[in-house]
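These are my notebook entries on one protein structure. I set down what I looked up, one topic at a time.

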Amino acid sequence: MWSILQEQLLNNLRDTAEALGLSGTSWEQTLGWLMGQLLVTAILLVLAAMLYWFASLGLRLILGRINRLGAIHHAIRTGLRYVVALVAIVAIAAQYGGDAILLKGIAQAGVIALGFYVAWVLLSRAVEVTHARHQIDPSLKQLLRNSLLVLVLVMGSVTVLAQFGFDVWSVIAGLGIVGIAVGFAAQSTLSNFIAGVTLLIERPFRIGDWVRINDQEGKVLKIAFRTTWLRTRDNIFTMIPNDSVASSEIVNYSAEGPTRVRIQLGIAYKESAREARQVILPILEAHPKVLKTGDMMPRVAMEGLGDSSVNLVVLIWILPEDIDIQPRIAAEILEQIKEHLDEAGIEIPFPHLQLFIDDAKGLAPLFSPLRINGESNPAANSS
């Protein structure tokens, strides 16, 4: 059975070779060479894996017990993995007939790529250290990291291509022409990109601030080059194009620190605003989320005289990180105010109307002594 399948396969290959003008090819030798090459490739990969395992074991024995060198250990292992992979690629390329120029270009390109990777790691680490030491704004840190990453990628790609004989200046010129064409085709994307850079530089808000943009209110999660990400109180994520953000009115609730919350309520005209204040203030002072320092003490003030109530306003201050739960804080306080005012016997009025009718002669028969419970009075009629 196997001999029949093998003969059929060889016949099909011969027919395909004749159709392609390769009738002189010896498929038996080609298949044998291919199987041998694949076997050698597998052996090379196994040897590379064993080499990496032994080297990694040695590093673990030398540095594994030193906790403070954990990050260094990880970096060395990553570099070792890359070097072993590069050696394996060069060996496999040589096995399949790569000439000396190609092998030299692969080796040089791999070393250069490793150098740019190390440069990126060092630059990224420098950004992290600078951010921790000088308290750089997270949005600026993000802009700096993204800019450095793009710069390292572009320079690394150009340098690697140069190792394989590419005309770098021609590639750059071609990319410039393509960039102009893409720029005309993607004006909206470029506009968002430029607006994103402007937002990261001007910083009308920062990551973590609570803002309102285009009737969208939420917490800033990310300021990307193209969009700004918000999370609302309902845990809904919104992505707003930076072009729209830069051209709209921005309200930042977190920029100046604590935020004041206003809670409106009313009491009846017969009640005393002073007594109501004495009932409400202990509720505000007992709430854990209400600030009680300096000029940010909770207050109860009279706001105005309404049609059927004396309008009061409760003024409290909360921290920026509590703006996310501001409605819950206001609801808790308002519920407690209602309960304590009821316990104190202080009326909270609701809108109602009183109707006064003067000289309503048309209604006199309804209220005359001649009608009792809606029926005529016989005694009155007889008299």
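**Entry 1: two asparagines in loops**

I began with Asn 214, which is partly exposed, with a relative accessible area of 35%. I classed Asn 214 this way because its value falls between the 20% limit for buried and the 50% limit for exposed. The model I am reading is a predicted one. I located Asn 214 in the loop that joins strand E1 (210-213) to strand E2 (216-223). I then looked up its backbone angle: phi of Asn 214 is near 50 degrees, a positive value in a residue that is not glycine.

I noted a positive phi for Asn 235 as well, at about 60 degrees, and this residue is not a glycine either. Asn 235 sits in the loop between strand E3 (227-231) and strand E4 (237-241).

**Entry 2: the protein overall**

I counted the secondary structure next, and the protein has 12 helices and 10 strands. How many of the 383 residues count as buried? I recorded a share of 27%. The exposed surface of the protein comes to about 25500 Å², and carbon and sulfur atoms supply 63% of that area. Among contacts with a separation of 6 or more, I found that 58% link residues 24 or more positions apart.

**Entry 3: annotated segments**

I consulted the UniProt annotation, an unreviewed entry, which gives "transmembrane region" for residues 34-59, 79-96, 102-123, 143-166 and 172-201. I examined two of these segments in the model. Residues 79-96 are 94% helix and 0% strand, with the end C-alpha atoms 26 Å apart. For residues 102-123 I noted 100% helix and 0% strand, and a distance of 31 Å between the end C-alpha atoms.

**Entry 4: Ile 112 and Leu 149**

I placed Ile 112 in helix H4 (residues 100-134). Which residues does Ile 112 contact, leaving aside its neighbours within four places in sequence? I listed Thr 159, Val 160 and Gln 163. I also checked Ser 157: it is 45 residues from Ile 112 in sequence, and the two C-alpha atoms are 9.7 Å apart in space.

Leu 149 belongs to helix H5 (residues 138-163). Is Leu 149 buried, exposed or partly exposed? I recorded Leu 149 as partly exposed, because its relative accessible area is 33%. Its C-alpha atom is 7.0 Å from that of Trp 120, although 29 residues separate the two along the chain.

**Entry 5: nonpolar cores**

I turned to the largest nonpolar core, which has 23 residues. Those touching the most other members are Leu 312, Val 314, Ile 316, Ile 333 and Ile 337. Strand E6 (259-267), helix H9 (273-286), strand E8 (310-318) and helix H10 (326-343) each give two or more residues to this core. Helix H9 provides the largest share, with 6 residues.

I followed Ile 337 further: beyond its neighbours within four places in sequence, it is in contact with Leu 265, Ile 280, Ile 283 and Val 314. I also found a second, separate core of 10 residues, including Leu 199, Phe 205, Val 220 and Val 245.

**Entry 6: aromatic rings**

How many aromatic pairs does a search of the whole structure find? I noted 0. I did find Lys 222 lying over the face of Trp 229, at 4.8 Å from the ring centre.

Definitions and conventions
Residues are numbered from 1 along each chain as its sequence is written. This is a predicted model: local features need pLDDT of at least 70, side-chain atom pairs count only at pLDDT 80 or more; totals for chains, interfaces and linings use all residues. Side-chain values use heavy atoms; hydrogens and water are left out. UniProt positions are given in the numbering used here, feature names are shortened, and annotations may be inferred rather than shown by experiment. Helices (H or I, at least four residues) and strands (E, at least two) are DSSP runs, numbered from the N terminus. Buried means under 20% relative accessible area, exposed over 50%, partly exposed in between (1.4 Å probe, protein chains only). Contact means heavy atoms within 4.5 Å. Accessible areas come from the Shrake-Rupley method with a 1.4 Å probe; for residues, only the protein chains shown count as cover. A nonpolar core is a set of buried Ala, Val, Leu, Ile, Met, Phe, Trp, Tyr and Cys residues joined through side-chain atoms within 4.5 Å. Rings of Phe, Tyr and Trp (its six-membered ring) pair if their centres lie within 6.5 Å; planes under 30 degrees apart count as stacked, over 60 as edge-to-face and the rest as tilted. A charge sits over a ring if NZ of Lys or CZ of Arg is within 6 Å of the ring centre and within 35 degrees of the ring normal.
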